[in-house]
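Work through the exercises below with the sequence and the model open. Each task is followed by a solution in steps.

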There are 2 protein chains.
Amino acid sequence: MTAQPVFLKACRGEPVGRPPVWLMRQAGRYMPAYRRVREKYGLLEIIRTPELAAEVTLQPISQFPLDAAIIFSDILPPLQGMGLDLTFEPGKGPVIGNPIRDTRSIDLLGTPPATETMGATLEAIRLVRSELTSRNVPLIGFAGAPFTLASYAIEGGGSRSYTRVKSLMFREPAAWKRLMTKLVTVQTDYLLRQVEAGAQALQVFDSFVGLALGPDDYRHNVLPYTRALLQGIARSGVPVIHYSGGTGAYLEVVNEAGGDVLSVDWRVSLAEVRHRLGADRVLQGNLDPVALFAPWRELRTHIDTVLRDEGGTGRHIFNLGQGILPETPMENVTRLIDYVKGEQ
Amino acid sequence: MTAQPVFLKACRGEPVGRPPVWLMRQAGRYMPAYRRVREKYGLLEIIRTPELAAEVTLQPISQFPLDAAIIFSDILPPLQGMGLDLTFEPGKGPVIGNPIRDTRSIDLLGTPPATETMGATLEAIRLVRSELTSRNVPLIGFAGAPFTLASYAIEGGGSRSYTRVKSLMFREPAAWKRLMTKLVTVQTDYLLRQVEAGAQALQVFDSFVGLALGPDDYRHNVLPYTRALLQGIARSGVPVIHYSGGTGAYLEVVNEAGGDVLSVDWRVSLAEVRHRLGADRVLQGNLDPVALFAPWRELRTHIDTVLRDEGGTGRHIFNLGQGILPETPMENVTRLIDYVKGEQ
């Protein structure tokens, strides 16, 4: 019988000897092995081919002594199943060809089961689990939070001012409710199926909600749906991590959404988060991803700050504050992981 | 003798019967009169032609009963005087043709006096002052904060991850210090010359520093320079407003930079800011600019929240949390200003 992985223990708030460590977007372009696969296949092609998604998921696990794997996918493919056209354009990021621009398009969105629309990712989860079990590395499944998906669906891609998504939210509250409810339905089903397929923890990404919304609009227009999603997937029995980007000024409100772990970005001090949410809350984060471009002395100072600022509670999963960047030097990833695992 | 304008009284923390109101980027594309000028002239052409800059500065003052005017310009033209090539590309925003990519380019940056490089803006200030004095509307001068300018100079334009600017900051601390010191020199001189030319208040824009940096990096690499700038211009005798974007999770640190007024974005509740900085601090902000796209009932709720959340101290200047957006409906601007001026 193998020991319970430190990552899963930390998610549940059980005592751990050191903080577990994994990195958001750890299978990514900073790795030569990943770039070799990407030279041959498009992003959606990899996601839609279980063997390729499984291979890429395992690449960082083979390279680094990480405490968790995360299934290789993206937050946006579930929108395809709802009827939206998704492409990834080089240098431009995701583009929705037929973005939502009126309330009628919201009524036309489908909510098909994930087994029909996200089967490749579910199959990839099944494929990697046997390999990961033999290494005693737990697997994280994930999906986008309702606001983040709604933003892409309405803006048609990334945004700087979030004018369209917020305008719809302000002008058409009934349609907003229907859209967010549909997203909760689709994402709850998708995440539960990921657990059935073998995911041992789940992370929900609200990637930039706090760059778009202040606390009152978050509370009224986002919180009820994120909470419904987190509650809906809690019945799977696996730990749930809630990543909330840009919300450092109102984490008490975000905290009401629930989840076993709150994952925060680097724009807020972990000491401040600990102070505001208390010693019991399990936190994940929050190294600035650009700190990995620094010389070791400077990087180490940033790592030490994160380790110190969680407050000595042991209720902490070490991670970045956002996904690792494509140009990140590999050797700094190695040093980061070794240092966190050697510490304490 | 005319009464002291309510805006200047509020800046100094003197009692006012109602909050003054003006809007960041109030001379802008949401106004048909502005668009007509922009059809004939480029942005830099307007900025570099005192008569055009003066005309555009006065447009919103003629249209709305605003409590302050702000000289029409942009934060980036001072970089041209330092040796950087600046263009504004339609749909893309500002582009620096020769961005800083090594420490040697920092040593080559000049620090010529504003009278040589920003003469058109200084002349525009002189032109509008006589017109504004007859209307008893005070004039605000402005400039970019050192970090925001350094970010554009190094990234070569807008950025999402701020990888280049932060990498230079982490890897080359001595060069970073030289760059920030040069920016403080140039901007201090520029702002003092604006006061000599007739500006009756100054605003320093650190537009997105908090989207880029966490609190520790802000404290070590930005705060000393912003503080030096704010202290340097304090000797002009006019009130100084410090706009700090994205820093809602560490406003106590930002507050140490000084200034008479702290201007914050909508990503933090003004009630939280008031609670953390105390009843004496004069605050500016912080309506979500997208709230101006909402129906009046929803917009009014947002305005009421801002008015209530400042905490009844009267130490508040009503403004947006960021510049007004190009597609903003004119009639909502009118209603906003009338409502704030009629309230209380």
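## Exercise 1: helix α10 of chain A

Task: in this predicted model, find what the buried residues of α10(A) pack against.

Solution. Within chain A, the buried residues of α10(A) pack against α9, α11, α12 (209–212) and α13 (215–221). From chain B, α17 joins these elements. Next, list the residues concerned: in α10 (residues 163–171) of chain A, those that are buried are A:Arg164, A:Val165, A:Lys166, A:Leu168, A:Met169 and A:Phe170.

## Exercise 2: helix α14 of chain A

Task: describe the span of α14(A), and say where its buried residues fall around the axis.

Solution. Start with the span. The 12 residues of α14(A), 223–234, reach 16 Å from the first C-alpha to the last, close to the 16 Å expected at 1.5 Å a residue. Then pick out the buried positions, taking 20 or more other C-beta atoms within 10 Å as the cut-off: A:Tyr225, A:Thr226, A:Leu229, A:Leu230 and A:Ile233 qualify. Viewed down the axis of α14(A), the buried residues lie within an arc of 130°, so they line one face of the helix. Finally, look at what covers them: the cover includes α9 (146–155), α11 (173–197), β5 (201–206) and β6 (240–244) of chain A.

## Exercise 3: a residue of the nonpolar core

Task: which residues touch the most other members of the largest nonpolar core?

Solution. The largest nonpolar core has 235 residues, and A:Leu202 and B:Leu202 touch the most other members. Now follow A:Leu202, leaving aside neighbours within four places in sequence: its contacts include A:Ile140, A:Phe142, A:Leu191, A:Val195, A:Ile233, A:Val238, A:Val240 and A:Ile241. A:Gly141 and A:Gln194 are also in contact with A:Leu202.

## Exercise 4: the contact between the chains

Task: describe the side of chain B that touches chain A, and state how the two copies are related.

Solution. Count first: chain B gives 31 residues to the contact and chain A gives 31 residues. On the chain B side, α10 (163–171), α12 (209–212), α13 (215–221) and α17 (296–309) each supply at least two residues. The largest share, 5 residues, is that of α10(B). By type, the chain B side holds 14 nonpolar, 9 polar and 8 charged residues.

Then superpose the copies. A turn of 180° with a shift of 0.0 Å along the axis lays chain B on chain A with an RMSD of 0.0 Å. This is the relation of a two-fold axis. The C-alpha of B:Ala249 is the one in chain B nearest the axis, 2.2 Å from it. Last, compare the two sides: 100% of the interface residues of chain B are also interface residues in chain A, so the copies meet through the same surface.

Notes. Residues are numbered from 1 along each chain as its sequence is written. Chains are lettered from A and ligands numbered from 1 in the order in which they are written. This is a predicted model: local features need pLDDT of at least 70, side-chain atom pairs count only at pLDDT 80 or more; totals for chains, interfaces and linings use all residues. Helices (H or I, at least four residues) and strands (E, at least two) are DSSP runs, numbered from the N terminus. The expected span of a helix is 1.5 Å times one less than its number of residues. A residue is buried if 20 or more other C-beta atoms lie within 10 Å of its own, exposed if 12 or fewer, and partly exposed in between; C-beta atoms are placed from the backbone. The arc is that of the directions from the helix axis to the C-beta atoms. Two residues are in contact if their C-beta atoms, placed from the backbone, lie within 7 Å. Ala, Val, Leu, Ile, Met, Phe, Trp, Tyr, Cys and Pro count as nonpolar, Asp, Glu, Lys and Arg as charged, and the others, Gly among them, as polar. Copies are superposed by least squares on the C-alpha atoms of residues with pLDDT of at least 70 in both. A nonpolar core is a set of buried Ala, Val, Leu, Ile, Met, Phe, Trp, Tyr and Cys residues joined through C-beta atoms within 7 Å.
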